[in-house]
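These are my notebook entries on a single chain. I record what I looked up, entry by entry.

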Amino acid sequence: MSFGRAASQLERLAIAFHRPSFLKPSLFSSRNGSFPFPAISPKCSRKFSVSPLVTLPDLPVQAQRRVSQQKLASVLAQIHDALDSLDESLPERHPLTEDQVLRVLDVLASSARPRDLALIEKVLENFTSLCGVPVVAEVHSHIIRGLVKQGNPQTLLNWLIQMHQKPGNIQPYLQHWHVFLEYCADMGHARIIRTALSKMAHSGCPPNNRTFKIFFRAMFNSGASVKDFYGAFDTIEKYTFWYDEDVANMLYDGFAKLNQTRQANEVKEEFNRRFLKRVIKESPRLAEWEESLALEVERHGMVEAVKLCRSLQQDGYKVHHRTLSILLRRSHDISDLKYAEEALDLKPSAFHWSIIIANATRAGNLSAALSSYRQFQATGLPLTAPILQPLISGLCSTATSSSSDDLLDQALKLYHELERIFPPVDPNALPRRENLDFMRERSVGPDAYMYGTLLRAMGSAVDVQKYSGVAISLLSAMEARAVPHTSVILTSLIVIAMRCSTSVDEALEAYRRLAKQGNVPRITAWGYQWILDTLSKLTFGEDRFLPPIWHYFEIVKDMRLSGLAVTSTIYAQLLKHLAQLVPDAPEVMKDRLAACVRRVHDHLTLDPTITPNISLWNQLMDTYQRVGLFAEAYRVWEMLLVSENFDHASVSIILDACGFANAWPLAQKVYTRLSERSFPLNQGNWHSYVECMCRVGRLNDAVKTVCLQMGQGQKDVAPNLDTIQLLLAFATRANQQDEVLSRIQRYLPDLWQTLPSNLEGIIIKPN
């Protein structure tokens, strides 16, 4: 089959998927030959990344009790003095007590400016050296309580999502999540809690009954309707939830207090209809016992949790399938499964194996997850979707950042294994489902989530043409299994169709025809972000260096009309792509690229629905300087400085801009104004400042700065090998490398001792 016919079939199947609208015209006419896919964009030499974390819509935040400037200044002085006093030669000397460091963290979190958050990270990295104890969960509890005082739900959620990557590598406990959720409930931020539920489950800390009570309280505080509560019930059905009469009464009372008795009865009856079958028929203390087990395994691990389990058995607790699930909540090694099996005399099911595999995948250890799967195959237990979905997700996720499609092929191979075991059945028959943890059910065969995972990876494939036929077969299989479309599936099909287009107009038409069909799910904020990013990177003909700005903002307009908030990321990703195009763009195109940046800035200025974050302003400033519009970049910096809304990346960007624009007086002005604000430069900032001096022909000043200023009072930003390489790169152009090395040897003897004899062809220390 030619690719043109394959693409046409893909479009017809995508549009025809929802009956009875299957007779609608195809998206494209058949085409002969191959279809171009986007070329890989050139990389910038210096990167200032936009945060990949989840972005929440701008929300009204109640005024919080902010930390006083006097207290903040006192804490900053205290912690900087302590960090500067750290001496590796005296590991037993700790400048602060644990209580003092925790107080510092609380104050910094209560302020939560970008520079304060960066300092928190630095304190955590040096926590043991500062006070002699390791970073534990309670340390993060202090930070989270401080962030609650500051009152930015975005910052709080991002902290919880990133906790496992911070020093100590601690996954957030249920209590950490509940502190955040209680705050959101007080503020009526029900939408944020709905977002957080999936993040909790993904982090290995699934929500429980108390979580859902907090969720319902938030909904009442936000003025939610009966329909909104029904939607919340849909969400809760995905998770483990035991029927609780107190929750049913809470729902009734919430509406009754508003004199809405009819709605109160409706909501309570619907809640009972959906969840009464989940009532606990065993000991009424079961929920209490199992919550204590979950807490014990989180805090002290498997062995201590098993000891507690044996103690609870003496009080009447009976171990069962769910007990093993609770104990394995944080485990990603088969040894834990075997230990629990022997200790409790319980035979693990395929579901328990799926917990181990999912946790290993979530921890980024894909090889361990695949090894566990091979061991599972030897048990003879039945293969089901919960076993393979984590593996397929892990392979597809890794494939999207890979330079080949081998991992995607491996994921498809696993899918076909499952497909063979569970062939399509009569669409009118009841779906075959597996009971998970006694409370939840999911299909044992391929389902919408699995198809969405695979199609999403195909949309990001290196060779999207290769998978057109595969996508067609997946859509056919979905139709045979009566699997409904999801937003992920729809978005993936749009991206595949756009990447198969032969012009920007055709790509926009592909988006419109697929997105605006009847009976299809809404595109989410994430979906629009992916579609827009794809559109900006499409390359056709002579204008391949110019992203389609008009087409881009036509889709942004659709996003806004759909009721979704246009986030900073939508603008930042387009600006980033424009910056990446500059190095390889012909000279005749660079003025047009600069005009594109101005147009994006105009759209941003005229958009009343968005409050740009620091990352977006940084990206705008960086893009301006890369397209040669230094004056505009400097105006953005001035605005950030006046508003005190800048971070270390902002400083590096403007110093780089001054260097490339040969604007030394302005670079001096930047440095002076930062000094007046006692802003601590990090090592990247110092390197940008030194490089700026070198670029404007002030090599002597650069060497003097490195030898006499850099690292004074801030040992963690002292000159290093990278600093010397930077100086030598410019010194060799002026044939002054010997003089520079002589001054390094004289003024920085400790650093000199660590330098190699030969550095990129330059003899440092002759034999």
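**Entry 1. Confidence.** I began with pLDDT, which is the predictor's confidence in each residue, on a scale from 0 to 100. The model is predicted, so I read this value before any geometry. The chain has a mean pLDDT of 83, and 86% of its residues are at 70 or more. I then located a weak stretch: residues 16–65 have pLDDT below 50, although the model gives this stretch 129 contacts beyond near neighbours in sequence. I noted a further stretch, residues 435–440, where pLDDT stays under 50 and the model has 23 contacts beyond four places in sequence. Where pLDDT is low, the predicted coordinates should not be read in detail. I therefore do not interpret the coordinates of such stretches in detail.

**Entry 2. Overall make-up.** I counted secondary structure and found 38 helices and 4 strands in the chain. Of the 767 residues in the chain, 53% are buried. I also looked up contact range: among contacts with a separation of 6 or more, 71% join residues 24 or more positions apart.

**Entry 3. Nonpolar cores.** Which residues touch the most other members of the largest nonpolar core? I found Leu-454, Met-458, Tyr-511, Trp-637, Leu-727 and Ile-744, in a core of 172 residues. Another core lies apart from this one; it has 74 residues, including Leu-86, Leu-105, Trp-159 and Phe-212. I then listed the partners of Ile-744 beyond four places in sequence: Val-706, Cys-707, Ile-724, Leu-727, Pro-749, Trp-752 and Leu-755.

**Entry 4. Helices α31 and α32.** Two packed helices are described by the angle between their axes and the distance between the axes. For α31 (residues 630–642) and α32 (residues 648–660), I recorded axes that come within 10 Å and cross at roughly 150°. Angles over 145 degrees count as roughly antiparallel, which makes α31 roughly antiparallel to α32. The crossing of α31 past α32 is left-handed. On the α31 side, the contact is made by Phe-630, Ala-633, Tyr-634, Trp-637 and Leu-640; on the α32 side, by Ser-650, Val-651, Ile-654, Ala-657 and Cys-658. I note that Trp-637 also appears among the core residues of Entry 3.

**Entry 5. Helices α34 and α36.** I next examined α34 (residues 683–695) and α36 (residues 721–731), whose axes are 10 Å apart at an angle of about 10°. The two helices are therefore roughly parallel to each other. From α34, His-687, Val-690, Glu-691, Cys-694 and Arg-695 meet Asp-722, Thr-723, Leu-726, Leu-727 and Phe-730 of α36. Leu-727 is also listed among the partners of Ile-744.

**Entry 6. Positive phi.** I looked up two residues other than glycine with positive phi. Ala-112 has phi near 60° and sits in the loop between α3 (98–111) and α4 (114–125). Asn-259 also has phi near 60°; its place is the loop between α12 (245–256) and α13 (261–275). Is each residue buried or exposed? Ala-112 is buried, at a relative accessible area of 11%, whereas Asn-259 is exposed, at 70%.

**Entry 7. Cys-500.** My last query concerned Cys-500, which is in the loop between α24 (487–499) and α25 (504–515). Its relative accessibility is 1%, so Cys-500 counts as buried. I recorded a C-alpha separation of 9.5 Å between Cys-500 and Ala-510, which are 10 residues apart along the chain.

Methods
Residues numbered from 1 in each chain as written. Predicted model: local features only at pLDDT ≥ 70, side-chain atom pairs only at ≥ 80, totals over all residues. Heavy atoms only, no water. Contact = heavy atoms within 4.5 Å. Core = buried A, V, L, I, M, F, W, Y, C linked by side-chain atoms within 4.5 Å. Buried < 20%, exposed > 50% of the residue type's maximum accessible area, 1.4 Å probe, protein only. Axes fitted to C-alpha atoms, helices over the stretch in contact; angles between N-to-C directions. Parallel < 35°, antiparallel > 145°, perpendicular 65-115°, else oblique. Left-handed = near helix turned anticlockwise from the far one by under 90°.
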